[in-house]
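The following exercises introduce a single protein chain, each with a worked solution. Please study the sequence and the structure before reading on.

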Amino acid sequence: MRSMIHSRVDAITTRQRDARVIPMARSIARAPTPRAARRRVRARASKSSKGGRFPPTAIVDARHDEFARSSDRARGRKDERACDDGVEAIWALSSREGAAACARLWARDDAGGTTTKRETTTTPRIVLTHKNENLYNAYACEMAAVTRPAARAMEVGMFAAANGGDGTTRACAGTRAEIMPLACAASAEELLETVEGMRVRVETRAVAFYHDCVARNARRMSSDEVSRRFRGVVARWSARGLDDSRDERSNAMRFAVVEGLGGYVFGLVTYAPSPSSLSARAVDWARKPRHFSAGTRAEIALACVNVASAHDPRAFDARSGDSVIVDPCCGSGTMLHAAWTRGFAAAGGDVSPGAVVMAKQNLSHFVARAPESSAMPNVIERDALVPGAFDDAYGCKGKRVRALVANLPFGRRVALGGGDGDGRSAPGASASEYAPALEKFRDVAERHVFISGVPIAHEMRALGYENVTEVSLCRFGKSFMTTALGSTATAPLEPSVAFTVEDALANAAGKSEKQWEKKSKKKSNVELSERFSNPDALRVAVDVSYEQDSTRARRSVAKQLCECVGIAHREDALAMTYCDFSGPIAEESREFFFSDRWSSVKMDPRSVEEAFDARDVVYMSPDASEVLDEVDASKVYVVGGIVDLATRGMRTSLTRANASSFRCARLPIREHRPEQTHTVLNIDAVVKILCGRHRGESWDDVFDRELPKRQAAERPKRERRERLA
Ligand SMILES: C[S@@+](CC[C@H](N)C(=O)[O-])C[C@H]1O[C@@H](n2cnc3c(N)ncnc32)[C@H](O)[C@@H]1O
C-alpha cells in the first residue's frame, strides 16, 4: 500500500515536473516580451513565490469542519493519535524544551492576561503576521483590540488567538495566515514523529503542504528537509495526493509547519488573504498615484483604523452605520483609504490645500477601481484646530464622529498648523507642542488613535483622555501609537508587545549617542578637486543610466546614492562619480535627499563611456566571470545603479558592460562566503567593500563587516529575538 502511495506521489511529482517543463520549452520557442520577462523574474524573486507564502485559502470553515469531523472519527476509533484543541494542550504535546520555551513566551498570561483555558470557546488559531519588528507592536495592539479574549504574542510574527476562527483577525493589517494547530514540538524531528502518528484521512480532496519560518529555531532542520519530509507524510493522507498549486480555486486541504523560536507548530491552514482579487488591487496603497514623504505606512494606518473601530465595527459601515472615522490631518489620505477598504464611513481634512488635492487624487484612484465599494471618503481643506471644526462631522451629513485617527504632524516636512516644521529634522514635535491639538481632539470622538514622533500618553492622560495605551512602533523610539479607548472600552488594551516604550526610548538615547560619537570621530574635509587629483584615491563610479520601472525603485537608487555620499564623507581617498546623473533619479535625489548639498561626490551628466577611458573601466557585475582580486587605484570601478528586484537575475549589468566592451568583474563573495545566498548587493555595500579592500583589509574582514547578515546562513536578529523571548 505504502509503495502504491509512493508511486502515486512520484507520478504526481513527475507530472508536475513535466508540466513545468512544457511552458519553459514554449517560452524558448517564443521569446517573452521584456515586460513579461521582468514580471516572471519578479515573481521568482518575490517572497510570494516561495514555499513559505500561503496561497489564498478561500473556503475557510468548510475545510475546518470537515477536518474536525474526520479527526473526531479518528478519535472514535481510538487507533489514531487525535489532534488536540486548545493552545495549551497543543504545547503540552511538545518536549520539555518546547514546553519551557512556550512557558517563557507565554509568561504574561500569569500577570493578568486574559487568555485562559476556560475562555477558549472555539478552536484556537495561530495567527501568522508579517515578520516585521517595526510593525509588530502595532499588530499586537490591533490583535489585542480586535480579538476577544486578546491574542497573545508568541514571538515576532506569530500570535495565538484564543478564539480564532471567528474571522476577527482576518481584517487585521498584519494577518498573513491563520492556522489551526494540530501538533507542536521543540524540534522538527519530534514533530515529524507526532505527525506521522496522526494518520489523518482526507477523503475528498487533495492535500497541500507549506512551510514557513517565523524565526530560526536553535534545533533547526533545514527548510528543504522540513518540506521534503513533511510533504511525504502529508501526501499519504489523501488518495488524491498533493496539490501544491498556488491557484486560489484549488480545493486542497492545506497543512503547514511553522518554525519559531519556541519550536515547530504543525496545523491546518484555515485562512490566508487573497492577493489577487480586484479588491486586493484596490487596497494596495503602494499603487497610489501621489506619494507623500510624511505619509503613514499603510499597515499602520489599517491597524489604527481597526483599533479605533474594534468596539463596534458595524456602526462605521458606510451604508448602514451612523458613525464616521475622521482623520483631521489626512495628508495623502492613508488612514482614509484604510477605513474605506474596510467599508467604513470615513472623512478627513488637512490644513494644506496641496495635501487635500493629493488625498483626493489618491482616493479617487482606488475608488474608481472598485465600483462595488462604498463611497469615496470626504476630504476637505480645514484647520483642525479652529473652533467648531468638527461640528459637521467633516461633511458627513447624518453621521457623528465616533473615532478619530491621525498621524500627528511633525518634523521637517510638516508641522502643526501647516508649514515646514522650522526645518527641524528631529523625529517629532515635543509632547507639549501637541497639547493644543490633543486638547481640541479630546471631546470630539469617543475613541482616539494617534501616531506621533514622541510619546504623548502622559500628556493625554493629563488632559483627561481615558484608557490610554501607548506602544513604540520601532525599536529605536522614532514613532509611537497611542490609543485612548475612552469609556467605550470594556477592558484596558493590553497588547503583548515585543519592546516597550521605555526600551525604545533607552535604545534611541543609546543610538543617538553612538551616532554622535561616530560622527564626531571622523568627517572628511577633503575638497572634491583634491580627491580627484589624488593618484592614490580609489576611483568609483555609479552608473545611473539604468531605467527604473517604478517610483519605489527610483527612490531606492536615490537613497543608496545618498548613502554613498555618507561613505565619501568618511573616506578621504575616494573619488566618486555619479555618471548619467540626470533625469528622474537626479530629481528624486534633489527632492528627497537634498542632492544640492552633496559635496563629496561628482555628479556628472555624462555617461560612463564619455566620462572615462574604456581601458580603465572595471564594471562590477555579480554575473561576471572574472573574479576581482586586487583593487587598483589606476582603474575606475563602476557599480550599476540598479535596485529593482525585477532586474535581478537578468544579467542586466553584464549585458550593459558587454555592450560597451568594458572589462567586467565580480566580488569574490562565492569564494569567501559560499553560504551567502544572494550575491547581488546594494550600491553602497559594493562601494564600502571596495573601499575596505583599497585600505588593505582582507576580503574576509570586509565581507565580515559589510555583507548583509540577513542574507547569510544565520540571521542577525536571532539572538535579539531569543533575548526577547
Ligand atoms: C504626518 S502628516 C499626515 C500623513 C497622513 N496620515 C498620510 O498618510 O499622508 C500630517 C499632516 O497634518 C497636516 N496638518 C498640520 N497641522 C494641521 C492642522 N492644524 N489642521 C489640519 N491638518 C494639519 C499637515 O499638513 C500634514 O499633511
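**Exercise 1. Locate Gln 676 and determine whether it is buried or exposed.**

Solution. Gln 676 sits in the loop that joins helix H21 (669-672) to helix H22 (683-694). Helices (H or I, at least four residues) and strands (E, at least two) are DSSP runs, numbered from the N terminus. The model is predicted: local features need pLDDT of at least 70, side-chain atom pairs count only at pLDDT 80 or more, and totals for chains, interfaces and linings use all residues. Residues are numbered from 1 along each chain as its sequence is written, and side-chain values use heavy atoms, with hydrogens and water left out.

Next, take the accessibility. Buried means under 20% relative accessible area, exposed over 50%, and partly exposed in between (1.4 Å probe, protein chains only). Gln 676 has 8% relative accessibility and therefore counts as buried. Finally, its C-alpha atom is 8.7 Å from that of Leu 707, a residue 31 places away along the chain.

**Exercise 2. Apply the same steps to Met 253: in which strand is it placed?**

Solution. Met 253 belongs to strand S6 (residues 253-260). Its relative accessibility is 1%, so Met 253 counts as buried. The C-alpha atoms of Met 253 and Val 207 lie 4.7 Å apart, although 46 residues separate the two in sequence.

**Exercise 3. Describe the chain as a whole.**

Solution. Begin with the secondary structure, which comes to 24 helices and 20 strands. Then consider burial: of the 725 residues in the chain, 50% are buried. Lastly, turn to contacts, where contact means heavy atoms within 4.5 Å. Among the contacts with a separation of 6 or more, 76% join residues 24 or more positions apart.

**Exercise 4. Characterise the packing of H11 against H12.**

Solution. Two packed helices are described by the angle between their axes and the distance between the axes. Axes are lines fitted to C-alpha atoms, for helices over the stretch in contact, and angles run from 0 to 180 degrees between N-to-C directions.

- Geometry: the axes of H11 (residues 334-341) and H12 (residues 353-368) come within 9 Å and cross at roughly 20°.
- Class: angles under 35 degrees count as roughly parallel, over 145 as roughly antiparallel, 65 to 115 as roughly perpendicular and the rest as oblique. H11 and H12 are therefore roughly parallel to each other.
- Residues: Leu 336, His 337 and Trp 340 of H11 meet Leu 363, Phe 366 and Val 367 of H12.
- Composition: 5 of these are nonpolar, 1 is polar and none is charged. Here Ala, Val, Leu, Ile, Met, Phe, Trp, Tyr, Cys and Pro count as nonpolar, Asp, Glu, Lys and Arg as charged, and the others, Gly among them, as polar.

As for burial, 7 of the 8 residues of H11 are buried, including Leu 336, His 337 and Trp 340. Just after H11, Gly 343 takes a positive phi of about 80°.

**Exercise 5. Carry out the analysis for H17 and H18.**

Solution. H17 (residues 551-570) and H18 (residues 583-593) have axes 9 Å apart, at an angle of about 65°. H17 and H18 are therefore roughly perpendicular to each other. On the H17 side the contact includes Arg 554, Ala 558 and Leu 561, and on the H18 side it includes Ile 585, Glu 588 and Phe 592. The contact of H17 with H18 has 8 nonpolar, 2 polar and 4 charged residues.

**Exercise 6. Which residues have the most contacts inside the largest nonpolar core?**

Solution. A nonpolar core is a set of buried Ala, Val, Leu, Ile, Met, Phe, Trp, Tyr and Cys residues joined through side-chain atoms within 4.5 Å. The largest has 53 residues, and Phe 159, Cys 304 and Met 481 have the most contacts inside it. Elements that each supply at least two residues of this core include H6 (133-146), H10 (298-309), H11 and H12. H6 gives the largest share, 10 residues. Another core, of 44 residues, lies apart from this one, and Cys 564, Trp 598, Val 601 and Leu 690 are among its members.

**Exercise 7. Examine phi at Phe 594 and Ser 661.**

Solution. Most residues other than glycine have a negative phi, and most peptide bonds are trans. Phe 594, however, has a positive phi of about 50°. Phe 594 lies in the loop between H18 and strand S17 (602-604), and its 30% relative accessibility makes it partly exposed. Ser 661 also has a positive phi, near 55°. At 63% relative accessibility, Ser 661 counts as exposed.
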